[in-house]
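Have a look at the sequence and the structure below before reading on. Then let's walk through them together, one piece at a time.

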Amino acid sequence: MNDINLRLNADKLILGALREDMPGEDVSTNAVMPEYRLGTVKLIAKQEGIIAGLDVFARVFTLLDETTSFDFKFSDGDMVHPGDLICIITGDIRVLLSGERTALNYLQRMSGIATYTHRTVEALEGSGIKLLDTRKTTPNNRIFEKYAVKIGGGNNHRTGLSDGVMLKDNHIGAAGGVGAAVRMAKAYAPFVRKIEVETETLLQVKEAVEAGADIIMLDNMSDDDMREAVKLINGRAETECSGNVTLKNIARLKSIGIDYVSSGALTHSAQILDLSMKELKPVDKEA
């Protein structure tokens, strides 16, 4: 996550997280460290996985004190193993203590998503299918979670509702059918935007093709129906599979012939990567 992106989009969210954790003072830290003292602390991996979110981790501390410095031994996208020294952080001990949990919350969550995504991409290896995330993200953490998906080797679907047209079951119900929904979207949306429509039956797939949908999502269909749908579409639209797709069951989709598979599990079900800040100690500034 580059510096411009951090400052424009992430800073207000990180500051909000810090305020949530520290609405007043950090009573524990102020009790044991009432004045400035320089110190260091180590960021250690306790579990194997893909690291993601190091810039966000660092930004937590520099928002509290811009003089905090970091000696990173790894970069986003690198595999870490238990015991690996990821970074040495140097700064005001009060800042290191007060920012610790918020910084780790971001880094552990993002690294867990990157790790789960990486393993899911591996399960699709050789198929040519692109793995997509969804909007099933933690409120106010979407930019962090979708960034982590990319670090893990996945691809971002829409960032939000303003990015593109995606007609789901309730849109179709409101419009009065698949064909009507696609035609209305074509009349309303700028021509440069693709129109994706969610289908649950082969009849709806046929309607979507005839209406000129650009992407047809095959939602919660059986494997046999998806194969029939791909034949029916016959290259006239891109195809996406969705519906309870996880690392455990995604490999079965490799032979279906779809272009994309989207998985909400990437962001809503990934376990955190276990990381820890250890060995905090004061240092002599002149040393």
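What follows is a short tour of two sheets, the helices beside them and a few residues along the way. Keep in mind that this is a predicted model.

Let's start with the sheet of four strands. The sheet is open, its strands pair in the antiparallel sense, and the order across it is 3-5-1-12. At the edges you'll find strand 3 (69-72) and strand 12, each with a single partner strand, so each has one side left without a neighbour in the sheet. On average, neighbouring strands here are turned by 20° against each other, if you ignore direction. Helix 3 (residues 54-64) packs on this sheet and touches strand 1, strand 3, strand 5 and strand 12. The direction of helix 3 makes about 155° with that of strand 3. Another helix joins in here: helix 4 (residues 93-123) lies across strand 1, strand 5 and strand 12, and runs at about 165° to strand 12.

Now zoom in on strand 1, which spans residues 38-45. Seven of its eight residues are buried, so this strand is mostly covered. Strand 1 pairs with strand 5 in the antiparallel sense, over seven bridges. One spot to look for is Thr40, whose bridge partner in strand 5 is Thr90. Strand 1 also runs antiparallel to strand 12 (residues 275-282), and six bridges join the two. Over there, Ala45 has Leu275 of strand 12 as its bridge partner.

Strand 5 covers residues 85-92, and Gly91 is found in it. Is Gly91 buried or exposed? Gly91 counts as buried because its relative accessible area is 4%, and the cut-off for buried is under 20%. Leaving out residues up to four places away in sequence, Gly91 touches Arg37, Leu38, Gly39 and Leu96. How far is the C-alpha atom of Gly91 from that of Leu54? These two residues are 37 residues apart along the chain, and their C-alpha atoms are separated by 17 Å.

Time to move on to the sheet of six strands. This one is also an open sheet, with parallel pairing and the order 6-11-10-9-8-7. Its edge strands are strand 6 (130-132) and strand 7 (165-167), each of which pairs on one side only. Neighbouring strands in this sheet are turned by 25° against each other on average, direction ignored. Helix 7 (residues 178-188) packs on the sheet, where it touches strand 7 and strand 8 (195-199). The direction of helix 7 makes about 165° with that of strand 8.

Within this sheet, strand 10 (residues 238-242) pairs with strand 11 (residues 260-262) in the parallel sense, over two bridges. If you'd like a residue to look for, try Glu240, which stands opposite Tyr260 in strand 11.

Let's finish with the cysteines. How many disulfides does the structure hold? The count is zero. A disulfide, as a reminder, is a covalent bond between the sulfur atoms of two cysteines. Cys87 counts as buried because its relative accessibility is 0%. Cys241 is buried too, with a relative accessible area of 2%.

How values were computed. Residues are numbered from 1 along each chain as its sequence is written. This is a predicted model: local features need pLDDT of at least 70, side-chain atom pairs count only at pLDDT 80 or more; totals for chains, interfaces and linings use all residues. Side-chain values use heavy atoms; hydrogens and water are left out. Two strands pair if DSSP finds at least two bridges between them. Axes are lines fitted to C-alpha atoms, for helices over the stretch in contact, and angles run from 0 to 180 degrees between N-to-C directions. Contact means heavy atoms within 4.5 Å. A disulfide is a pair of cysteine sulfur atoms within 2.5 Å. Buried means under 20% relative accessible area, exposed over 50%, partly exposed in between (1.4 Å probe, protein chains only).
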